[in-house]
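Let's take a friendly walk through this structure, with an eye on how its chains are put together. Please have the sequence and the 3D view at hand.

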Amino acid sequence: MTDLEKRLIERFRDRAYRESYAEGFLNSWIAQQLTAVRHQRGKTQLQLAKEVGTKQSGISRLEREDYGRWNFATLQKVAFALDCRLKVSLETFGSLVSEAADLSEASLRRPSIEQDPVFHGGVPWDPELAEPGPVGEMRRKLIPWLRNEGPLEKLGDWMQGFDLPLAGDDTEPSEWLLQALLPADGQLEDALAARVAEFIQKAFWTRADPGKRQVRSVRNVFALAEVLRKPVVLGQAVWTAYGQRADLPFPGSDEPGPEHPLIRALTYNQPAEEFPDLWSLWASRFLEERDKRMPDYVGAGLVGLSRLQEAPNVFGIVQGASQAKRWSLDLPKISATLGSGFSRVWAEFPDEQVLKKNVIVMAANLPDGWSVPIIKGWFESIPGGIPPELRDPIVENAEKLALTA
Amino acid sequence: MERRIWNFIGAGGHDVMLEWADALHLDPGVRAKLDGALEGALDRLRRQGFDILLHTNAVAGPIMNDIYALRVNGPVAARVLFCRGPLPGEDAFTLLAGAVEQGRKLSPADAPENAARNRELALKEPAHRRKLYDGFGKAAD
């Protein structure tokens, strides 16, 4: 029970109070619902006035909370013009407690008979699904599917571009689903993330020779995972997909580069406790010089690391990987690569303060032999240089570490 | 989404809205009616926000720089003078002064000026000059 409901239950014991509250609520309800449904129908006050046979000022008056002189005949005319019926009903004061707590524009909207699901398959009316336009169309597909745990194949269809609204052909499938979830609803987002994880685990690694449609659905589902950013729900599935890609051809390219949706999905859904493993993997590949794109991998890895609340010990992770594999550290190469990685993170996410702070912490706290060349490499690789107010503390800290050593 | 509503606290540590309502010296039954009307309007402001209440004429203004009036037609034509915020970026309203409208004039007549002054004080000392609104008529119970 909300605080508002608790307060109303206490205060409604006073007759004068509850009657006065109810009167104001009714006046507000009528004015606001006329406005909400008129907007829902896309009508102006003038258009509605012509249909009812009155002036625009007459409709304007009806939409004022302080009008207070509505009559049934007029309200019924307006209701019919908005393709609704007028209902007059005696109600308990108890029902006002929840009505007051739930009052919103969405709760005031009503579908016209053409939009009323009762006449289209018997689905009960749900004001959340009344959004007009293509986003509303997608919402009416997605939300019942999430709530009723619809077949997983449907997600595959959407991700391949099937059964999406016709408007906006240039809208990516993942964008349709994300727009349909707005305004943000944590429960529905979690439900979608769970279905995406299920899809990744069950559906897409089953074919060794994927067709173009499957490639498209795979790329789109990773794009969806990247934006959803639910490490707890998605982390394991994306991580498993990353691990399996060595044994099966990776749909769409020979090797997943840092811009590939899988890598991006992994970067943004990496559970903290597993990240050192991923970093070690990247570090080992770097140390083995197997991949020329390693600086980009480091950049992607640093984004993931830097999103953690506490900046991790990059040196420890790289050194641990090196020792475990008995590799020697190639300091100049590591320095140049990390410098490039820091630069990339800095340039790509200019507004993310936690991330930038952690990059500074990581750079400034590397061992003295590492930090100076890394930081110099980083500064040199930033187009236009780094602002002095950020540069000076880093240099100072790096010099301090060097002096201590 | 609910917005926060703050009550302005005057120099003596008094809640100015409660002080104003008490100063109307209404009979208990009439006062309860006023409380019901005021709290209902404030509940709607908090739950539905500013724009829709401005459209339905429940909110009027600005009647002076940044000062709006919440129109509450209970047993008296009460006007709650408030502002949005006023701290930058906060999704809140601060109730600054009360008045009664009689013949298109506010009583007390200087209520808008008082509200504007209170807004400035709330901006300067938000921690000391505001407390979270928790039901309008609570003190009168």
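The report below covers the fold of chain B, its strand pairing, and then the contacts with chain A.

Please keep in mind that this is a predicted model.

**The fold of chain B**

Chain B holds 5 helices and 7 strands. Read from the N terminus, its elements follow the order β-α-α-α-β-β-β-β-β-α-α-β. The chain has 141 residues, and 43% of them count as buried. If you look at contacts in chain B between residues at least 6 apart in sequence, 56% join residues at least 24 apart.

**Two partners for E1(B)**

A good place to look next is strand E1 of chain B, residues 4–8, which runs parallel to strand E5 (residues 92–102) of chain B. E1(B) also pairs with strand E7 (residues 130–132) of chain B, here in the antiparallel sense. The table sets out both pairings.

| Strand pair | Sense | Bridges |
|---|---|---|
| E1(B) and E5(B) | parallel | 4 bridges |
| E1(B) and E7(B) | antiparallel | 3 bridges |

To find these pairings in the view, you can start from single residues. Arg4(B) has Ala92(B) as its bridge partner in E5(B), while Phe8(B) is matched with Arg130(B) in E7(B).

**Where chain A touches chain B**

How many residues of chain A are in contact with chain B? There are 22, and they meet 22 residues of chain B. On the chain A side, helix H1 (3–11) and helix H2 (15–41) are the elements that give two or more residues. H2(A) gives the most, with 11 residues. By class, this side of chain A has 8 nonpolar, 6 polar and 8 charged residues.

Definitions and conventions
Residues are numbered from 1 along each chain as its sequence is written. Chains are lettered from A and ligands numbered from 1 in the order in which they are written. This is a predicted model: local features need pLDDT of at least 70, side-chain atom pairs count only at pLDDT 80 or more; totals for chains, interfaces and linings use all residues. A residue is buried if 20 or more other C-beta atoms lie within 10 Å of its own, exposed if 12 or fewer, and partly exposed in between; C-beta atoms are placed from the backbone. Two residues are in contact if their C-beta atoms, placed from the backbone, lie within 7 Å. Ala, Val, Leu, Ile, Met, Phe, Trp, Tyr, Cys and Pro count as nonpolar, Asp, Glu, Lys and Arg as charged, and the others, Gly among them, as polar. Two strands pair if DSSP finds at least two bridges between them.
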